[in-house]
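These entries record what I looked up on the packing of one protein chain and on the empty space enclosed within it.

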Amino acid sequence: MTDAAAPGAVGRRRFIAPARADVDRACFAHPLFAAFAEYQGLMVAADWPTLSALNRQLALSGKQLVEQDDELLADGLHYEQRIARGQIATRPCNWHDLFNALVWARYPAVKAALNARQCQNIGRNPPGQRTRAQAALTQFDETGVIVRVRDASLLHAWGRHDWHALFVDGAAQWRSGDIAVSAVFGHALMEQALLPSRLLVGKCVVVRGDDDAQVVEQVAQAIARADVLNDPLELRPLPLMGIPGWHAAQGADFYQLADYFRPLREGRQYPAPLRHDQRS
């Protein structure tokens, strides 16, 4: 279970995605899926795409989806180590793994940077233990969102968890693009968005910039250089359904949901945003 949904709604139970036949295809019109419109056929079709079909249709940058079965797992390799060798272990007929494949196709540079960093960290701790960097990399892989800002005016409200100032007073800036989601990266977020009632929380890397493609590339470079994602506490939580237009029930009472719009923990601070022209 990730932190993709408000614990007040579902606790910490492992999320179980609905059956393909039970998914209302209207959910794919949500802004969360906007960057994946070219793959909509793979999401809305009545039948699951086969792995061979996905390998033909998706540009996976030298990677190949392979079925995660007992024979594959018997090699003793870590999941990330197989990816470094070109194999993405994938469960057929599985929403989580389908969305993972779509993210590989849509944002290959970010995915590759995450994989390289994960492989660097494997073996640094005894079996069953992970570094803080591994935890951060995994959180971003599962629930990551890249947010672009043109100026820092709303970052102060966000940093205080002043959600009313960020979403209600700042609504015009969201609509104008002064602050915007450049990329929904986390495939666990996509999986949970199959249920429109879910109140999703993204874990964000923030970049000062104007161009979404440049911002995403900057994040890929920053991950590769280990400038970011060295500790989970770097990531800014963002209640995504608070973004203007992202949820149908955005009345005054909605922003009072304390289990979703959580106050800032004492002592918690977030790093300054990256800049699109930042270099190491």
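Entry 1, terms. I take a cavity to be a set of grid points where a 1.4 Å probe fits but cannot get out, and its lining to be the residues with an atom within 4 Å of a point. The model is predicted.

Entry 2, cavities. I searched the whole structure and found 3 cavities of 30 Å³ or more.

Entry 3, the largest cavity. I noted a space of about 80 Å³. Its lining consists of Y79, E80, I83, N100, W104, K111, L114, N115, Q118, L137 and D141. I then assigned these residues to helices: α5 (79–84), α6, α7 (108–121) and α8 (132–143) each supply at least two. The greatest contribution is that of α7, with 4 residues. By class I recorded 5 nonpolar, 3 polar and 3 charged residues in this lining.

Entry 4, the second largest cavity. I recorded a volume of about 50 Å³. W48, P49, L51, L54, T90, R91, P92, C93, N94, D97 and L98 form the lining. Both α3 (51–57) and α6 supply at least two residues here. The classes are 7 nonpolar, 2 polar and 2 charged.

Entry 5, the nonpolar core. I looked up the largest nonpolar core and found 76 residues, with F140, I223, L229, L238 and L240 having the most contacts inside it. Helix α6 (residues 95–106) provides the largest share of this core, 8 residues.

Entry 6, L240. Which residues is L240 in contact with, leaving aside neighbours within four places in sequence? I listed L32, V145, L189, L200, V201, G202, W246 and Y260.

Technical notes:
Residues numbered from 1 in each chain as written. Predicted model: local features only at pLDDT ≥ 70, side-chain atom pairs only at ≥ 80, totals over all residues. Heavy atoms only, no water. Core = buried A, V, L, I, M, F, W, Y, C linked by side-chain atoms within 4.5 Å. Buried < 20%, exposed > 50% of the residue type's maximum accessible area, 1.4 Å probe, protein only. Contact = heavy atoms within 4.5 Å. 1 Å grid on protein atoms, 1.4 Å probe; cavity = no way out; pocket = protein on both sides within 12 Å on 5 of 7 lines; lining within 4 Å. Points joined across faces, edges and corners; volume = space filled by probe spheres on them. Nonpolar A, V, L, I, M, F, W, Y, C, P; charged D, E, K, R; others polar.
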